[in-house]
Structures are given as C-alpha cells and as structure tokens.
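Work through these short exercises with the structure on screen. Try each task before reading its solution.

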Amino acid sequence: MHLLSKIGKIPMTETVIQLDNVCKNFGSLKAVNNLSLEVKKGEVIGFVGPNGAGKTTTLKLIAKLMRPNSGQILIINKQGKLQNLHENHKNLIEMGFLIDIPHFYNSTPYRILKYIANLRNYPKEKLNQRIDDLLSDFNLSKWKYRKIKNFSKGMIQKLGFIVAIIHDPEIVILDEPQTGLDPTARIDVRKHIRSLQKKGKTIFVASHMLYEITEVCDKIALLNEGSLVGFDTLDNLEFLLRVKEIVCKITKPIPPEKIDSILKKLVQSLEPYLEHDLDPTISEESIKYNPNEKSFFIYYDGTEESSTKILNILVNEFKSDFTISSFSKPKTVQLERLYTQMIYDNENPKLNKDAI
Ligand SMILES: Nc1ncnc2c1ncn2[C@@H]1O[C@H](COP(=O)(O)OP(=O)(O)OP(=O)(O)O)[C@@H](O)[C@H]1O
Ligand SMILES: [Mg+2]
C-alpha cells in the first residue's frame with residue numbers, strides 16, 4: 001500500500017512526534033536542554049524565543065540534521081507506530097524542511113525541484129504539474145528555467161519553501177520561512193501553511209514574526225536558553241498573563257476637550273472589571289485612549305464575563321459619546337506579552353515565586 005494512504009488514516013488525535021528529554025550540547029553550551037514535547041497529527045507548532053534560544057537546533061534535531069546527545073525523538077512510521085528517528089529510516093514518514101538559507105546557485109528551480117521530488121519518491125506522473133502549480137503560487141513561473149545565482153534573497157527563500165514541500169511530506173519543518181520576504185510573499189507563505197494544515201500535515205514553524213505565528217499556529221512552544229518554558233495553545237497560555245487587554249476601536253475620534261471626562265466616566269462604570277494592579281511597564285492607567293488609532297485600551301481581569309459586561313456597558317452607557325467599530329483581544333499583543341513575561345520569569349525565578 002502507498003505510504004500516503006496509510007498515513008491519511010492516522011487520526012488527528014494521534015501523536016506523530018514525541019521528544020523525550022532531548023539534550024543537544026555544543027561543548028559546554030546546552031543548546032537544547034532536556035526538552036520534552038508531544039505533537040499530534042495536523043498541529044501547527046510555533047517555536048518562539050530569543051536569539052540563541054535553541055529553536056533552529058531543535059528543528060535540526062527533528063529534521064534529522066543532527067543527533068541529540070541524550071534523550072530520544074520518536075516519530076510515526078509507515079505502519080502508524082512511533083519509532084526512534086534514527087532507526088530504520090526507510091520506514092519513516094516523509095518530512096520536508098526549510099532550515100537556513102538554501103544554496104542551489106548553479107542550478108534552476110525546475111532541475112532542483114525535480115531532483116528533490118525524485119529523491120523523495122514523489123509520483124513522477126504528477127511532478128510536472130506540481131512544479132508548475134507551486135512556482136505559480138509563489139510567482140516564480142517565469143524563473144522556472146533560470147539560473148538561481150541570479151535570484152534575489154526573497155526568491156531563493158520562496159524556492160526554499162517550495163523545495164521543503166514539493167514531495168508533499170506529512171511533516172513540514174520551517175525555520176523562519178518569512179525572512180526576507182515582501183508582504184505579498186509573506187501572505188503566500190501563510191496561505192500555504194494554512195492549506196497544508198487543512199490537509200492534516202503536521203508543521204513546525206520557528207519565527208520572530210509573532211503576528212505570523214499567531215495567525216497560523218495552533219500551539220506555541222516558547223523556548224529560552226535551550227529550555228521549553230511554555231507549550232500550549234495561546235488561549236491556554238494566556239492564563240499565565242497577569243494583564244489582559246481589550247482594544248476597542250471607535251468610528252470617530254473623540255474631541256480632545258472631551259477625553260478626560262469620558263475616560264473618568266469609563267473608569268467609574270467599568271471599575272469592577274478592571275485590572276488595578278497594573279504592571280507600570282505596560283500601562284500606568286487601566287484605560288487609555290489613543291487618538292491616532294481611535295482606540296481605547298482597556299486592561300481588565302481577563303474573564304469572559306467581564307469582557308461581555310464591558311462590551312454591554314460601552315454599547316449602552318456610552319452611546320452618546322462614541323460608536324464602537326470593533327472590540328477585540330489582540331492575539332499578537334497577547335503573544336508579545338507572554339513572550340516577555342515568560343522569558344523574564346524564567347530568568348528571575350525568585351522574583352516570580354515572590355510575586356505568587
Ligand atoms: N553548530 C553549532 N556549533 C556551536 N554552537 C552552536 C551551533 N549551532 C548553534 N549553536 C549555539 O546553540 C545555541 C542555540 O542556537 P540556535 O541556532 O538553535 O538558536 P535560535 O533559537 O535558532 O536563535 P535565532 O533566533 O538567532 O535563530 C546558540 O547559543 C548558538 O550559538
Ligand atoms: Mg534560528
């Protein structure tokens with residue numbers, strides 16, 4: 001039976017990759033330190049963390065470009081069972097990866113893609129169409145037979161993404177796939193990650209672009225100094241945030257002479273739901289108004305009930321003051337805060353304990 005037909009039967013709840021106490025050292029440096037995590041089929045995992053946190057090293061370990069010093073990486077095999085990544089490699093399911101800037105200067109996209117797809121046993125009869133479709137999706141069709149040495153950085157990066165997925169792998173590993181891309185190409189990459197997700201592929205993405213991560217990832221793996229300091233959905237990780245924010249956009253700017261009285265009235269009406277013990281690095285006030293963005297920023301206690309009550313009050317009691325055009329909890333801001341806070345807590349464990 002063909003590999004894909006077997007894999008297609010793996011339920012979405014099935015673990016496809018498991019890392020058990022994985023360590024990777026470079027001399028005395030613990031680049032990856034005792035990392036354990038379990039990833040289910042179809043999940044998109046975002047690796048986030050500061051420079052040198054161990055994201056690329058972890059992805060290289062999963063992509064089998066390096067071996068761990070200790071611990072093990074298990075991956076699902078063609079029979080649907082977890083097996084050690086470094087044993088019986090012919091029995092493993094297909095992976096594709098984009099790690100580091102690809103170097104294929106002396107060739108053409110057509111030759112490279114054909115070579116990789118053949119190497120990875122992609123069906124020959126479907127290959128030409130697949131090459132054309134992918135090159136067209138990334139606006140590279142007219143470059144199909146041109147020498148890669150004349151490509152721009154972004155074009156090479158896009159080609160690197162296509163190389164990673166040309167053979168339709170079950171597991172896709174992407175290290176900073178959006179680096180060097182213009183906004184349109186970033187959208188193309190995002191669209192592709194989503195379409196791979198719809199097909200049930202399991203995807204790892206490391207990125208410093210937190211917006212991209214919040215847009216495409218189901219779960220966030222936060223790394224710091226080689227250790228996993230958080231691994232869950234953004235919503236589940238959110239409870240770790242001490243401050244929650246609502247952004248309420250309004251249709252017209254508030255006249256400057258009215259701002260103070262409206263803010264005062266807002267603080268009075270929303271008082272029971274606001275966060276009073278605010279971190280001054282985030283804001284000095286529980287409610288702020290930004291005239292450029294025509295938005296109120298409301299720091300509240302983070303419960304669903306409070307957010308509903310706040311919306312009701314704004315709509316009913318402030319009808320004559322402003323009209324709301326949107327009311328949201330911005331995901332990117334959530335992730336930025338989570339990132340800063342978890343890295344900070346990790347570096348200051350004592351302070352964190354005292355705070356609790
Ligand atoms: N081949 C290597 N030899 C020696 N040290 C290495 C090697 N590869 C990575 N390191 C070190 O391991 C640590 C983790 O590096 P890694 O590239 O995994 O970080 P990263 O999270 O991907 O960072 P960035 O956000 O800058 O890409 C760093 O301190 C780095 O200097
Ligand atoms: Mg890296």
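**Exercise 1.** How do the residues of the shell around ligand 1 divide into nonpolar, polar and charged?

*Solution.* This is a predicted model, in which local features need pLDDT of at least 70, side-chain atom pairs count only at pLDDT 80 or more, and totals for chains, interfaces and linings use all residues. Residues are numbered from 1 along each chain as its sequence is written, while chains are lettered from A and ligands numbered from 1 in the order in which they are written.

Step 1: list the shell. A residue is near a molecule if its C-beta atom, placed from the backbone, lies within 6 Å of it. Around ligand 1 stand Phe26, Leu29, Ala31, Gly49, Asn51, Gly52, Ala53, Gly54, Lys55, Thr56 and Thr57.

Step 2: sort them. Ala, Val, Leu, Ile, Met, Phe, Trp, Tyr, Cys and Pro count as nonpolar; Asp, Glu, Lys and Arg as charged; the others, Gly among them, as polar. The result is four nonpolar, six polar and one charged.

**Exercise 2.** Which element gives the largest share of the shell around ligand 1?

*Solution.* Helices (H or I, at least four residues) and strands (E, at least two) are DSSP runs, numbered from the N terminus. Two or more shell residues come from each of β2 (29–40) and α2 (55–62). The largest share, three residues, belongs to α2.

**Exercise 3.** Is glutamine 18 buried, exposed or partly exposed?

*Solution.* Step 1: locate glutamine 18 in strand β1 (residues 15–26).

Step 2: apply the cut-offs. Buried takes 20 or more other C-beta atoms within 10 Å, exposed 12 or fewer, partly exposed in between; C-beta atoms are placed from the backbone. Glutamine 18 has 17, so it is partly exposed.
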